[in-house]
Each structure stands twice: as structure tokens, then as C-alpha cells.
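Okay, thanks everyone, let's get going. I'd like to talk through charged side-chain pairs today, so have a look at this one with me.

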Amino acid sequence: MINLVNEKLILLNQDAKDWKDAIKKACEPLLNEGKIKETYVDGIIENVIKSGPYIVIAPHVAIPHTHPDKGVIENAIGICVLKNPIKFGNEANDPVKYLFTLAAISGNKHIESLSSLALLLEDEKFYKVLDNSKDSKDVMLFLQEYERNKGNV
């Protein structure tokens, strides 16, 4: 996980007007850092329109992603925390506050990235860090400590 995210890929306390805007905000750092192309963002939005809010995977958590051929340049995970949670249309898990944008160059990398993220998403301490951090350095420090101690932070 730690090799997929960096301070520039983390956005805290973000405003979004709707779910599309939330996805665009969450993807922005990956675009700026050359990890994905604009077509990847469009692909995520198109898939949600077509298939529903399948990216909302747990209460308050979405993992925006689409097929690698839609414009992944490099493996990465972006983290975006919304100031005010947004409804995506998933009754069981709305509203979404945390978006973890997944960019994987292949199916295998996609599964590897998801498995490392899944363990982290089960840790309540992680959400507290996301909610209380003043900047992305705090989040990175937590992730480094988490990885060093195999989740025992």
C-alpha cells in the first residue's frame, strides 16, 4: 500500500456538490501526478451511470476505479476525504465520506492493490487519522507506521 500512495495523492476536507464531483475531486491528484488520464475519470463516471454505485463498497467508503485500458499510466491509490458526505445512490452504504481511487495497470495489480487496501479499511484508527489530520503528511506517517508494524498501530 505504502508504495502506491504519497502525500500528493491525498486530499483532506474536500467539498463536492454531488457524486460526480466527488469522483472528479478524488481523481484530480492522480491526474496531476501523471498516474491516470482524463479518460479514466470519464470511465469511472460512465460505469457508475451504467451499473449503479458498485464502487461504494462499505458504509461511507467508495473505491472509484474502472478498466486499466481506460487510461491508467501507473499503479496508484488516491485518498480523498469529503468535508460533507455525498449520496451515491447506495442505500446500504451512503453517504460516502472516504474515496480511495484505485489505478492499476493490470487485473493482477488491481487485486494486489485491493487486498492491501482492504486490511486498512477495516481499521477504525485509519478513519480517525483521516478525519483528524491537518495535512497529508499525518496520513502518510500513519500509513508508514501501519506498514512497519503490520497493522498494529
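Quick bit of vocabulary before the pairs: when I say helix, I mean a DSSP run of H or I with at least four residues, numbered from the N terminus. And keep in mind that what you're looking at is a predicted model.

So, how many salt bridges does the count come to? Five. I'll walk you through some of them.

Let's start in helix α1. D21 and K25 sit four residues apart there, which means about one helical turn separates them. Their side chains meet in a salt bridge, at 3.6 Å from N to O. Buried or exposed, what's D21? D21 counts as buried, because its relative accessibility is 17% and the cut-off for buried is under 20%. K25 is partly exposed, at 22%.

Now over to helix α5, residues 136-148. Here R148 and E145 make a salt bridge, 2.8 Å from N to O. These two are three residues apart in the helix, so again we're talking about one helical turn. R148 counts as exposed, with 58% relative accessibility, while E145 is partly exposed at 32%.

Last one, and this pair links distant parts of the chain. D15 and K83 meet through their side chains in a salt bridge, 3.3 Å from N to O. Where are they? D15 is in the loop between β1 and α1, and K83 is in strand β4, with the two positions 68 residues apart. Both ends are partly exposed: D15 has a relative accessible area of 42%, and K83 has 38%.

Technical notes
Residues are numbered from 1 along each chain as its sequence is written. This is a predicted model: local features need pLDDT of at least 70, side-chain atom pairs count only at pLDDT 80 or more; totals for chains, interfaces and linings use all residues. Side-chain values use heavy atoms; hydrogens and water are left out. A salt bridge is a side-chain nitrogen of Lys or Arg within 4 Å of a carboxyl oxygen of Asp or Glu. Buried means under 20% relative accessible area, exposed over 50%, partly exposed in between (1.4 Å probe, protein chains only).
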